[in-house]
Amino acid sequence: MNNNEKTFFSFSVSLLELLESEIPLKNSLEVLSSESSMNKKVRKMAQEILEKLSEGFSFSSAINLSSFSIKERYLTLISASESGGSLIQALQFIKEISTQKKDLEERIKSVSIYPAIVVSIALAATFVLLHFRNQFLLTVPERELYSGVFTAVAVLFAGIGAVALYIKNAMGENILYSVFFAFSFLSEAGFDFANCLDIAIMYSSQNKELNKALLNVKLKLQEGEGIGEAFSHYKIFPKEIIARLTLAEIHGNIDKVTKGIAKSIEKKDTAKRNLCMQLIEPLLILCTGLYILILVETIVLPFLTNYGG
């Protein structure tokens, strides 16, 4: 999350607490803008929005006109909530998204500590090896010494890079989950399907294939196709999801069905992340083992052979 997004999340959560206490929007913003214990950026955002409201702008327009660059997906959500009178539900959704993003960042940070330690130890060992080469490795030609060290470090970093990519893929945000979570949460909150789809399209912007598919789904629906049929044209949506959406349209329970889809995707993601957590340590041990093996083969063994000779 960038700083503007963090500020917006903090602002939304604080505003939600006040609105849930049945304090009117304007009064809630006044509280946020004057509360000394509040984060300075949150206070500034509240002040700017309050000024724009006093000039006659809507709440979503006031957020958009503030000095904080807010993602379009959130502006669309707030705008849709204003017309439907469901601002609290929209802020609850933003709060949930904020919590999910924070949890995801914490998980990624926690699994990144071990690779950082391994790299630090390897670099320290390499530095010591080169620094004391004149005392211990005089019998190893300098060219072979540096070649061996370079090869070992290159292999280690290639391995660490591959592990990092695996962590990013396994632990990163699943946009398909975000899309159906948005559908389920917002439809339960009373948003109509068209608004849910528009917001889902915004959330899919990080995945070009998914974003394009959802935009085309919207066009298919406007042409009169059913929900399941509109989604069935695109391979990015599994057959299981299409079947559920078809039934949801028949029985009129799109909120419950999309919630079930989101939970199903989340379950698979959790299994994938748990596997990643289990594999990180052995993968890094393997990388370190290759690093040590190359050093032994290219430097230590020649040193012992020459020394013994």
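This tour moves through a predicted model, from its N-terminal helices to its nonpolar cores and then to a pair of packed helices.

Local features are taken from this predicted model at pLDDT of at least 70 and side-chain atom pairs only at pLDDT 80 or more, while totals for chains, interfaces and linings use all residues. Residues are numbered from 1 along each chain as its sequence is written, and side-chain values use heavy atoms, with hydrogens and water left out.

**The N-terminal helices**

Select helix H1 (3-20) and helix H2 (25-34), and go to the loop between them, where glutamate 22 is placed; helices here are DSSP runs (H or I, at least four residues) numbered from the N terminus. The phi of glutamate 22 is near 65 degrees, a positive value in a residue other than glycine. Most residues other than glycine have a negative phi. The same glutamate 22 is exposed, with a relative accessible area of 73%, where exposed stands for over 50% and buried for under 20% relative accessible area, with a 1.4 Å probe and protein chains only.

Next, select serine 28, which lies in helix H2 and is buried, with a relative accessible area of 0%. Leaving aside neighbours within four places in sequence, serine 28 is in contact (heavy atoms within 4.5 Å) with Leu15, Leu18, Leu19 and Ile23.

Now add helix H3 (residues 40-54), which packs with H1 at an angle of about 75 degrees, the axes being 9 Å apart; the axes are lines fitted to C-alpha atoms over the stretch in contact, and angles run from 0 to 180 degrees between N-to-C directions. H1 and H3 are therefore roughly perpendicular to each other, a term that covers 65 to 115 degrees. To display this contact, select Asn3, Thr7, Phe8, Ser10 and Phe11 of H1 together with Lys41, Val42, Met45, Ala46 and Ile49 of H3.

Keep H3 in view and turn to H2, since the axes of H2 and H3 come within 7 Å and cross at roughly 140 degrees. The contact is made by Lys26, Leu29, Glu30, Leu32, Ser33 and Ser34 of H2 and by Arg43, Ala46, Gln47, Ile49, Leu50 and Leu53 of H3.

**The nonpolar cores**

A nonpolar core is a set of buried Ala, Val, Leu, Ile, Met, Phe, Trp, Tyr and Cys residues joined through side-chain atoms within 4.5 Å. Select Phe11, Phe180 and Phe237, which touch the most other members among the 67 residues of the largest nonpolar core. H9 gives the most to this core, with 10 residues. A second, separate core of 23 residues includes Val119, Ile167, Met171 and Leu295.

Centre the view on phenylalanine 180, which, not counting residues up to four places away in sequence, touches Phe231, Phe237, Ile241, Leu245, Thr258, Ile261, Ala262 and Ile265.

**Helices H9 and H10**

Select helix H9 (residues 175-188) and helix H10 (residues 193-203), whose axes come within 9 Å and cross at roughly 155 degrees. H9 and H10 are therefore roughly antiparallel to each other, the term being used for angles over 145 degrees. Their contact is made by Ile175, Val179, Phe183, Leu186 and Ser187 of H9 and by Phe193, Cys196, Leu197, Ile199, Ala200 and Tyr203 of H10.

**A last stop**

Finally, select lysine 239 in helix H13 (residues 239-251), which is exposed, with a relative accessible area of 74%. The C-alpha atoms of lysine 239 and serine 37 are separated by 51 Å, the two residues being 202 residues apart along the chain.

Definitions and conventions: Helices (H or I, at least four residues) and strands (E, at least two) are DSSP runs, numbered from the N terminus. Angles under 35 degrees count as roughly parallel, over 145 as roughly antiparallel, 65 to 115 as roughly perpendicular and the rest as oblique.
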